[in-house]
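Student: Let us work through this model by question and answer. Please show me the sequence and structure before we begin.

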Amino acid sequence: MLSLSLEGVVVRFPDLAEPALDLPGLEVAAGSSVAVTGPSGAGKSTFINVVTGLERPSAGRVLWSGEDIARLSEAARDRWRARNVGLVMQDFHLFPGLSAIENVLLPARFRHIRLPAGLRDRAAALLVEVGIDAGARGIETFSRGEMQRVAIARALLLQPGVIVADEPTASLDGQSGAAVCALLTRLARAAGATLIVVTHDPALYGRLDRRIALAGGRRADALHAEAS
Amino acid sequence: MIRFVLADLRLHALGAVVIVLLIASATALGMAVRIEERALRLGSARAADRFDLVVGAAGSETQLVLSSVFLQPAPLTLLNGDVLRRLSEDPRVEFAAPVGFGDSFLGYPIVGTTAEFVESLGLAERAAEPPLASLGEAIVGAGVRLDPGYEIRPMHGLPGQEAEEHDEIVYRVTGRLAPTSTPWDRAILVPIEGVWKAHEHGDEAHDEAGHDDDDDHEDHGTEEAAARLGPPWPDDLPGVPAIIVKPRTIANAYQLRGEYRTETTLAVFPGEVLTRLYSTLGDARQILTAIAIGTQALAAAAVLLVAMAHLAQRRRQIGALRAFGAPRVAVFGVVWAELLLVVGLGVACGVLLGYAGAKILAIGLSRQSGIHLPVTLEASDLGFAAVLLAVAAAIAALPAIYAYRQSPAAALRS
């Protein structure tokens, strides 16, 4: 369970006059769930990249339970992310040619030469929990809804303190989307993980504690003042 | 990590196989050039081993060696018969064997020589003792498919002789040489006197067509002389194209070579001539090697291109790996290992393919020339393969470094 605190975070790209992201202050309490919404180009992806350490802000501090990941080296941020972040993406990023359970285990395989004891059992249990019967068939034979559920199992594998989901339901039909919404919020709560979801889906953000609206890289919601 | 690599290879199995084949053929070419060139050098050197000193009429040294040692058909200027007599009476000479060619039978060259030389080559089976004791006898090389007792009617190279069937000498196979792994395995050895007789007749018939009395007389005379074959030679010896000399000592060999390098005669050590030939061959090898390297470079460029294209296609996938926390080194490792696996497999296949190709080529060449080509895979060949692999590993690192440096955020945005 991790809390997030952004202080004076600014992200600039060399070819843009306006900063892509400008957040003087933002707090997310540990174990809470937050929806990040906003039109295309509002800075949602940049927000995700900054809070997961994929990108380093041009200025400011990104404090996860007091640890500033903006100061970490690239390799250290990779390590931090592997240990603390469960990532769920719009187009799943499952790896074809591997079975569901191998996909769930893949991030762990890149961190350990030998899988830690019990991890394979945990992966199998997670697949049962998300409603996938773990067969040997390749992931490419799965439906999109099933793929996103496998991706959720993967995000939960290493018991991350925070789960970050980027438009997890955007490429799913209504029914699968609803199932994924329910699953994501239920499992994050059960795991006690902080949940940050970028989404356009009212069905999804309706289930979350809070909503942060972005526009042009800045806070656009009435709750701006609450950030203190 | 290796699962991930294998899964990706399985997914692109066809492309991977094509790349493996491409690398294998480029490697095989370089390999075959090395192996074949060495086999040719060793094989011909071994073939020349039994021929210490060759004396012929003044002319091309290379041609003398090619004709006498490798039995390559070419008209040689005849050496005066006195030279043969002088050499065989020389105390420094163990034996001096004339080699007379010009005729053939079923594509096998017929070589006129002496019993001494036949003995020196070694007999595997013999019917008569000693060999070539009479004019109608023939000893065949190990590779000649004629059984003892078979009758050989030489095909003369000279015109007009076919008509004179009554003159034609018939040889009967009486023995077989032990295998020598030289072109002599394909030769039919007959007494030199037989070759002289046939060619004398040819000349007579040609020069004095219609003078049957002369022919008969000549025939009679030769047969009388033929009562005893081989040295010591009579005074009026006909010319011979080449003489193979076995000196008693190495010092004698050098003395003889010096003495018989005159205005009219030529004496060579076949080994020496071959060495000179190899340096020419070496140039050819360099050209072939350059071609092989060029091919390998082209293959490397093609593989690099495919690797980069494949990487571009996987950019998001690799970005995602990083997003899930895979270290940069692991990303480098995945790309590098996958390429190395493909290249390594290609080089390994290429070594085998090159060896097999060289072997097949050598078998074909041996069948044609009789020279046994020893095709071997040596440590230096594997060293060559290792160098190829090392270069490939260095080149494969380029896409891997590219993947390593790529920003995951940028890759995922694309």
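**Helix packing and the contact between chains**

Tutor: The buried residues of α3(A) pack against α2, α4 (119–129) and α5 (144–156) of chain A, together with α1 (2–11) of chain B. Helices (H or I, at least four residues) and strands (E, at least two) are DSSP runs, numbered from the N terminus. This is a predicted model: local features need pLDDT of at least 70, side-chain atom pairs count only at pLDDT 80 or more, and totals for chains, interfaces and linings use all residues. Residues are numbered from 1 along each chain as its sequence is written, while chains are lettered from A and ligands numbered from 1 in the order in which they are written.

Student: How many of the 10 residues of α3(A) are buried?

Tutor: A residue is buried if 20 or more other C-beta atoms lie within 10 Å of its own, exposed if 12 or fewer, and partly exposed in between; C-beta atoms are placed from the backbone. The buried set includes Glu102(A) and Asn103(A) as well as Leu105(A) and Leu106(A). The helix is largely enclosed by the rest of the structure, because the buried residues number 9 of the 10.

Student: Which element gives the largest share of the side of chain A that touches chain B?

Tutor: Two residues are in contact if their C-beta atoms, placed from the backbone, lie within 7 Å. The contact takes 21 residues from chain A and 21 residues from chain B. On the chain A side, the elements giving two or more residues are α1 (44–51), α2 (74–84) and α3 (100–109). The largest share, 5 residues, comes from α2(A).

Student: How many residues on that side of chain A are charged?

Tutor: Nonpolar means Ala, Val, Leu, Ile, Met, Phe, Trp, Tyr, Cys and Pro; charged means Asp, Glu, Lys and Arg; the others, Gly among them, are polar. The side of chain A that touches chain B has 10 nonpolar and 4 polar residues, and its charged residues number 7.

Student: What radius of gyration does chain A have?

Tutor: The radius is taken over C-alpha atoms, and the globule rule is 2.2 Å times the number of residues to the power 0.38. The C-alpha atoms fill a box of roughly 50 × 40 × 35 Å along the principal axes. For 228 residues a compact globule would have a radius near 17 Å, so chain A agrees with its 17 Å.

Student: Which strands are the edges of the open sheet in chain A?

Tutor: Two strands pair if DSSP finds at least two bridges between them. The sheet has 6 strands in the order β6-β7-β8-β3-β9-β10, with mixed pairing. Within it, β3 (33–37) and β8 (194–198) run parallel over 4 bridges, and Ser33(A) has Leu195(A) as its bridge partner. The strands that pair on one side only are β6 (85–88) and β10 (218–219) of chain A.

Student: In chain B, which residue of β9(B) stands opposite Val93(B)?

Tutor: Strand β9 (242–247) of chain B is mostly covered, with 5 of its 6 residues buried. β1 (53–57) of chain B pairs with β9(B) in the antiparallel sense over 4 bridges. β2 (93–105) of chain B also runs antiparallel to β9(B), joined by 6 bridges. Opposite Val93(B) stands Pro247(B).

Student: How many residues of domain 2 of chain B are in contact with domain 1 of chain B?

Tutor: Domain bounds come from an automatic or database domain assignment. That assignment divides chain B into domain 1 (2–45 + 278–413) and domain 2 (53–268). Domain 1 gives 4 residues to the contact, and domain 2 gives 7.
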